[in-house]
Every structure is written in C-alpha cells, then in structure tokens.
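Morning, everyone. I'd like to talk about how the parts of this protein meet, and about its pockets. Let me put it on the screen.

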Amino acid sequence: MTLEQLKTPAYVCEEAKVRKNLELLKYVKDQSGAKILVALKGFAFSGVMPLVSQYLDGATCSGLYEAKFAKKYVGGEICTYSPAYKDDEIDEILSISSDVIFNSFNQWVKFKDKALSSGISCGLRVNPEISVSPVEAYNPCGRFSRLGVTRANFNPELLDGISGLHFHALCEESAKSLELVLAEFERKFGEFIPKMKWINFGGGHHITREGYDVELLIALIKNFKQKYNVDVLLEPGEAVGWQTGFLISSVLDIVQNEKNIAILDVSAEAHMPDTVLMPYRPAVENESKNGKFEYLLGSHTCLAGDIVGLEAGDSEYRFDNELKIGDKVIFKDQIHYTIVKNTTFNGVKLPNLALLKEDGDIKIIREFGFNEYESRN
C-alpha cells in the first residue's frame, strides 16, 4: 500500500522516527540512571508500543483505562496518577499498577490501607507552585490548581507509607526550565526528600526537540540522585511522539468566498484539538512561503470556525501548485496529543491509524466507522 492508496482521513505513525526518539531517551536513561516512562496521556499509539517497551521502563497512566492499556500494550512499570480515584475503580488500579500516586492527603488516607496491603509503591503529588508553561490551560502549577499538594497544605505527619513524591510543572519545556522548577521543589519540599525512595520529575520535558540540552538534563538527574540517594523518574509523552508522523486528508471540494477555501475530510476541532487550544498552526507538506496559490483549509463539519490555523491567527496556506479536488493534504507532526484527544463531533469519522514501518510497508492498525460515533451517543 502507498500513501496515495491510503483511505483518508488517517494518522500515519512512522516507525523509524519513533525509534530515533526512543534511542535518545534511552541515552538519557543510560547516562543518568533515571527511569523513563511513556506518558499515555500524550502518546498512546498501540502499533508502536512493543517498540516503546524495548527502550523505556514502562508507562505512566492517568486512570484505570490507561493502566489497562499499559498492561496490554506496554508492560514494565505501570505508574498511575489521578486527581481523584473512584471507589469502584481503585481495586483494579491497584492490581494493575506498580506505583500509584495520590493527589491529596484526603485520597491517601482514604485508600492507604488498600494500597499498602496490595504491595505497591505509593506516592504523593506535590505542587511546587512554579511553572513556565506557555499556555495557562496547560499550567499544572497555576493559581487555584487542583493538581498536587502545596507546601502550605502539606502534612508531614501523614507521610507514613509514602515512598515517593511527584511533581509536574512543565509543558514543552527545556532542561533549563526543569532546573528552575527543581530548585523551587527542593526549597519547599527538600526536607522530605531523604525519607523517599523515588522522586518523579513528571512530564513536559521536550527532550527530543531540536536544541534541547540533553547533557544538562543528565547532569541535573545525576546530581539529584547523588545528593539524595533516590531513584528519579521522568514521564515524557510528547517527547516520545514528537515529529513521528502525520495526518493525511483529502480535498473534498474547493469553494470561493473572497478567498479560495479547500474543504477537507479532517477537522481541526475534532482531529487536531491542540491547534485550537494551544493554539498553533500545523505545518503542511509542500506548502510554500512564496507560493502563488493561497487557500484556507477548512473542515467538512458544520462548525463555522473549523478552519485550520484560525485560532492561531494564521490560517492561510500557500502552495506552488493549485489544489484540486481529490488531492491529498498532509498535516505534519500530528501523532502526539491528537489520537488521544480526538472526538466524533458532528458525526465526523475518526481517522484510521496506520503505521509506516521501517521497511516501507504501511500497516493498518485501526479502522474506525459508525460504531465509534454510535457508542458515544
């Protein structure tokens, strides 16, 4: 099968690019001594999870269903954290997970006996109240955040049975940003670190992005481990799936209303939600800065504002060649935080999942249809 033969819409994950990211993450592991878990909230493409498990130590999960996914597709260490656990799910979570992190002392006290009797390692999330997150919606340490215990609300008398502390304050950030957060974490919670077996540095580390200071990250981890004699864990999601694939669409129609508007079988709202929330303008293959053919790329949904790049204020795409009905339009870097967040809004079809293997073959991993829409409504 070639890309031209691929039924659209489809997310295409490139195996070779995933391996390249994993090799860099394994280098960080080997050089620093840290454990690295894939964060399923950002990257959960089942077709490459066997590859992920060859390089990383396991998965970090946000609740029962991600934990079940991790058990089935990833294996290794399964670390589960949720802002709150449900009574009818906690037993299964404890049976699947190797580590469970609690968001508050209320949750810890409520489930402590069950958790400790299950034999797992228990942790507590703290809020260092510092963040360099680029967007407030993704700021886990912003004002009024529900995520983690602040120092003012920290109760050392309830730490018995807690083996580790977890913080998460980054979003697409650098090692220098981690250095700032780490200093504040130590300032506020440093007296409790020697009592712990592990410290989880959370996610948001943009390790595989060009220009990231990998050696600084390694040094920060090594120094921290040596200073406190604890294990260190990292939970990258986006860094695993960063620039590892694309969303391929077809031009269904072209209409004119002062501008040329190509109507595609993909949706920014439903299939590329971060382009709306961040917001940002996704790159398109074969676009040309000086191209003479200019188009808005719109969805076939009924939402008037479902135009790619509209929320970012940059929705016009230029091409050297005129777009025609039936042409393919490929949106780059659309594997992380897309598949895990997409919807069937307006009854649109979920894009199929395909894997471009290292030998050039294309393998269909999942095909979606009416059942996915019907099951949600």
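So, how many residues of domain 1 are in contact with how many residues of domain 2? It's 18 from domain 1 and 23 from domain 2, where contact means heavy atoms within 4.5 Å.

Some ground rules. This is a predicted model, where local features need pLDDT of at least 70 and side-chain atom pairs count only at pLDDT 80 or more, while totals for chains, interfaces and linings use all residues. Residues are numbered from 1 along each chain as its sequence is written, and side-chain values use heavy atoms, with hydrogens and water left out.

Okay, the domains. Domain 1 is 3–11 + 244–375, and domain 2 is 15–240; those bounds come from an automatic or database domain assignment. Taken over C-alpha atoms, their centres are 32 Å apart.

Between the two, about 1800 Å² is buried, with carbon and sulfur atoms giving 61% of that. Buried area here is the accessible area (1.4 Å probe) that two parts lose on being put together, summed over both. On the domain 1 side, Thr244, Met278 and Glu358 lose the most area to domain 2, together 36% of what that side buries.

Glu358 comes up again: its side chain meets that of Arg19 in a salt bridge, at 2.7 Å, N to O. By salt bridge I mean a side-chain nitrogen of Lys or Arg within 4 Å of a carboxyl oxygen of Asp or Glu. The count between the two domains is two salt bridges.

Now the pockets. A pocket is an open set of points on a 1 Å grid over the protein atoms alone, where a 1.4 Å probe fits, with protein on both sides within 12 Å along at least five of seven lines; lining residues have an atom within 4 Å of a point. Grid points are joined across faces, edges and corners, and volume is the space filled by probe spheres set on the points.

The largest pocket comes out at about 1200 Å³. It has 50 lining residues, and the closest to its centre are Lys41, Tyr138, His168, Cys171 and Tyr337. Each domain supplies at least three residues to that lining.

The second largest pocket is about 380 Å³. Of its 14 lining residues, Ala44, Ile339, Val340, Leu353 and Phe368 lie nearest the centre. And where is this one? Both domains give residues to its lining, so it lies between them.
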